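Biologist: I would like a close look at one place where two helices pack against each other, followed by whatever else in the chain helps to set that place in context. Please take it slowly, and tell me where each residue you name sits.

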Amino acid sequence: ESGVSDLITPCHEYKSFATAAELNRNQLQSKFASEVIRFASACMNIRTNGTIHFGVMDSIEDKGWRHGQIIGVKVKEREHYVDALDYIEKCFCENLQEIARRCIHPPVFVEVISKDSQEQRFVVEVDIEPTSSLVKDRVFEVSLPKYNENHNKVIVTKDRALYQRLGAKSEPVERSKLITFLHTLKDRDAQRERAELSSAEVHTDIPQNLGRKLSVLLNDGKSYMDDSLRYILVTNRCEKENLNYINFLMHLNIFCVFDFDEDSNVSGLYSKYKEHHATRSYFLQDFSNESKTGNPPYQKHLCLFDQTSWIFCNGRSDFRGDEKPCDENTWIRTKKKYLKKAVTRICDEILPKGSFIVLFLLLSPVQKPLVDTFQEFYTEMNGTEYIVCIAESREHYGKWANLAQVSCSIETLEQCSIVGMKLSHVDATIQRMLPSTAQPRHLPVSTRGLCTLPSLEEEKLFSLEILCVDQCDDIKLDFLTEKEIQEIEQNFYRGRKIIWENFWLADKRRCGEIIEREACKDASKLLDDLLRGSGLNYSVAKLKIFHHPGSGGSTIARQVLWKRRKDLRCAIIKASYSPATVCEHALAFRDYEEKEISHCLPVLLLIEDYDEDYLEELRTELMDAVTTRKVSSPRPYFILMCCRRSNDPERLCKASPLDTVAVTHKLTDSEKSLFKTKLEKLKQKDIKPEFILTFVLMCEEFNETYVRDFVGHILQDIDRSSRDTYLMRYVALLNCYVPNSYVSLSHCEAFLGLRVYTERKSRVYDFKSHLSEQARMIFIELRESTTYISSVQIIHCLVAKEILQQLSVNETQSQLAMTLLQEKTLFDNRFGRDEFIKFIRDLFIRRDKRSRGDSTDTLFSPFIEHVCKAEGCEKAITVLKAAYELLGKDPFFAQQLARLHYNNEKFKDAEHWAGVAKLQLPNDSYILDTEGQVYR
């Protein structure tokens, strides 16, 4: 028993309750309710948490027992104790009854196990939790129920009393001290609030690395499983819902099973196991039979090595043949005798020490015979070196440990036990170590094990591209030809966005390693700082990567994801979905297959080339969702890794150095050495430089002179009038001015007049074979991860810019744009049309903004500004009018025409175009502002 300490740590009060537990229902309930309500009133008035225990000896009753000794009470009906708290409504004032209900928790029944008795007893506990928000500014006077034997009914006393905790007792406040007690109420409320805040700030313990512990214990330290070890399984009842999570047992080299589930052969573990394997089943006395007659399995040891022995250990009649079931004590003694014989025969006569592991799988509440089995193995094996215990339920393990510590200490048991790891995580972690099983996709869990991510569950999170622990492991490496591997590697070094297969093949040493730039190391360090908390304690943190176009920023972001996929949950956000949808999926992704949301692993989410408003809306959605959970954590719930192109990444990094990384075209001295070495290795593979152009340019730090000479060399002798040269110019025009733009493969085929194949490989081959050599060198094919459209880009935006300049000598960019606008085959092609129209629209009206990472804020789109500067405003107006007509007379094109006119002092025309825009969108604030600027 204890008094008040810090208000959060419960004070304790004991009641033996031995006599009252034997009384009739009304007597029991009045006694139980009286003790609980008195104790609760005292705790609530002092603002302290508390627990009252029934079935633990107090200092008053039964002098033959020691104070604090646990004896338990017989519980005839649990409902009698639960329903006794209905006296709350009779004992508290009407306005305090609901508060009292919320502060007084329902009874908890903790089973008591005695070595000397099989009688079932319990300690009944009631917790009191007077949270500040409930009890502030209130006092709790109570009347107590009392059983009147004369009238044979329960009477609630009319006199109310105000109780408090004095030391380890609950005593009424004396009337002479009542005013003083009430005056200190505000101080106690303040203390409670401070205690709750302090408690909330205490960091939760980071869970143990149970995944590693499991693999080491179960596999004798090896990282993979083979047939060198046999397993003896000792288990109890497997509930129906858990049968799906013991598939790992089907793949273990199991020698025999001690099964303590009497229904196992009907609907339990045995019935499932025998579907997969041949088994021999015995009752316990068969396996340990000393008789030399019949076919007891110990006589033919070899027969046990090709079939699993399944030994049923439950059911008293099993030990007496056709005789009547034996009494309780005989049953216990007989079972212990047979267990000892069975264990001795296995350990001494059949299996050599060190060749097997005894696995105790605790799937349901533990009974003493199962613990007896542990004690026999512990004795025969001289310790726990080859014993492993797995228990998802801490309650089951607690009961097991309390009984098993007769043989060895709690500390020794914990060293060989995996406790609190979900059975599904155990299943996934062990199956991941098995070489022969098919590889499903897995995610890391807080216990450092794994859980399986079925396709159906992954499809529900459709706004996320999920990166799994074993990403790409489903690829049969032996089936990949050297040509296919080389093509995957070449595509990356030609300019295609890096894919997970690149990292996977590098890890498998089937292609060269991927260079890790300094910025990648910087990003990893910042991520580590965020995971440590860094004193900021944000629930949703940001890690920003700003990069020059084509400098490898996207590669760096994916490198960070790849490196952390085993200890964080990682995914890429598909920004085509709303922030609300992404938030819903991100929360489900974080919580998936976790038991406690306070212990979940942080989620690392990559978002690329995002809109700032979208990002902030998403962050707000995530923060609001986290706030509603009211769970504090030293680590962020989510980390948004924001990767975006910028013409001035160093300026943005300088503005926010603690969470921002800049990636530029310029290489450090160490990076230059790495790139030079890598280029030599690629050349040694007989890969021609023209097939890895982007990497070659990267090695040269995208030097303007080098790019100019490089493009000039490629375009030498090109047929400027051919269809594929015009396609090259159109793609270059878009890539130069519109970030992340592309032209779908379907559009390219339609433009070149090619036949469309249904099979993708034939289609790609047909497209490439009809390109000029120059086009094949500068085009890169990609597949958009959100729309899955196969498309074409120039290998690098700086190459696109140079191509545009060198091919515009005889035809200006405005003329090229006019020609593009007349290409009906491109605008009429239905597949991927929305994306194509969007890029064309952006070409004409998307302005540069510093907020997006651009180097300047422009008045018009960079293309229109170039035409104005290089060709004059009339040419810009002409091409913008053509775009207005072609794209359905878009009011925002009319708005841009109004702006273009008034900026060049053509006010009458500006007024006309502002009116055209306003006619279609009369209430749009941007258009109204433009109209105001015209009149100004």
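Modeller: An axis here is a line fitted to C-alpha atoms, for a helix over the stretch in contact, and the angle between two axes runs from 0 to 180 degrees between their N-to-C directions. The model is a predicted one, and its protein chain holds 40 helices and 27 strands. Two packed helices are described by the angle between their axes and the distance between those axes.

The pair I would choose is α28, residues 723-737, with α32, whose axes come within 8 Å of each other and cross at roughly 125°. Angles between 115 and 145 degrees count as oblique, and α28 and α32 are therefore oblique to each other. The crossing of α28 past α32 is left-handed. On the α28 side the contact is made by Met728, Arg729, Ala732, Leu733, Asn735, Cys736 and Tyr737, while α32 contributes Cys797, Ala800, Lys801, Ile803 and Leu804. Sorted by character, the residues of this contact are nine nonpolar, one polar and two charged.

Lysine 801 deserves a separate word, since it belongs to helix α32, which spans residues 797-806, and is one of the residues in the contact with α28. Its C-alpha atom is separated by 5.1 Å from that of cysteine 736, although the two residues are 65 apart along the chain. Lysine 801 has a relative accessible area of 42%, which lies between the 20% and 50% limits and so makes it partly exposed.

A second helix pair can be set beside this one. Helix α38, residues 891-903, and helix α39, residues 907-920, have axes that come within 8 Å and cross at roughly 160°, which makes α38 roughly antiparallel to α39. The crossing of α38 and α39 is left-handed. Here α38 brings Pro891, Ala894, Gln895, Leu897, Ala898, His901 and Tyr902 to the contact, and α39 answers with Phe907, Asp909, Ala910, Trp913, Ala914, Val916, Ala917 and Gln920. Eleven of the residues in the contact of α38 with α39 are nonpolar, three are polar and one is charged.

Burial is another way to follow the chain, and 52% of its 936 residues are buried. Helix α29, residues 745-752, is mostly covered, with seven of its eight residues buried; these are Leu745, Ser746, His747, Cys748, Glu749, Phe751 and Leu752. Just after α29 comes glycine 753, which takes a positive phi of about 70°.

Positive phi values also turn up in residues other than glycine. Arginine 509 has a phi near 60° and is found in the loop between α19 (500-507) and α20 (518-532), where its relative accessibility of 75% counts as exposed. Glutamate 593 has a phi near 65° and is found in the loop between α22 (579-591) and β22 (603-608), but this glutamate is buried, at 19% relative accessible area.

Aromatic rings give a further set of links, for the structure holds 32 aromatic pairs. In one of them, phenylalanine 360 and phenylalanine 374 have ring centres 5.7 Å apart and planes at 75°, so the pair is edge-to-face. Phenylalanine 360 lies in strand β14 (residues 356-362) and phenylalanine 374 in helix α13 (residues 368-380), so the pair ties together parts that are 14 residues apart in sequence. Phenylalanine 360 and phenylalanine 374 are buried. Phenylalanine 844 and phenylalanine 863 form another edge-to-face pair, at 5.6 Å centre to centre with 90° between the planes; the former is in helix α35 (residues 833-845) and the latter in helix α36 (residues 862-871), 19 residues apart. Both of these phenylalanines, 844 and 863, are buried as well. Elsewhere, ring pairs link Phe17, Phe32, Phe54, Tyr81, Phe109 and Phe122 into a cluster.

Helix α13, which carries phenylalanine 374, also holds aspartate 372. At 5% relative accessibility this aspartate counts as buried, and, leaving aside neighbours within four places in sequence, aspartate 372 is in contact with Lys336 and Leu339. Across the protein chain, residues 24 or more positions apart account for 72% of the contacts with a separation of 6 or more.

How values were computed. Residues are numbered from 1 along each chain as its sequence is written. This is a predicted model: local features need pLDDT of at least 70, side-chain atom pairs count only at pLDDT 80 or more; totals for chains, interfaces and linings use all residues. Side-chain values use heavy atoms; hydrogens and water are left out. Helices (H or I, at least four residues) and strands (E, at least two) are DSSP runs, numbered from the N terminus. Angles under 35 degrees count as roughly parallel, over 145 as roughly antiparallel, 65 to 115 as roughly perpendicular and the rest as oblique. A crossing is left-handed if the near helix is turned anticlockwise from the far one by less than a right angle, and right-handed if clockwise. Contact means heavy atoms within 4.5 Å. Ala, Val, Leu, Ile, Met, Phe, Trp, Tyr, Cys and Pro count as nonpolar, Asp, Glu, Lys and Arg as charged, and the others, Gly among them, as polar. Buried means under 20% relative accessible area, exposed over 50%, partly exposed in between (1.4 Å probe, protein chains only). Rings of Phe, Tyr and Trp (its six-membered ring) pair if their centres lie within 6.5 Å; planes under 30 degrees apart count as stacked, over 60 as edge-to-face and the rest as tilted.
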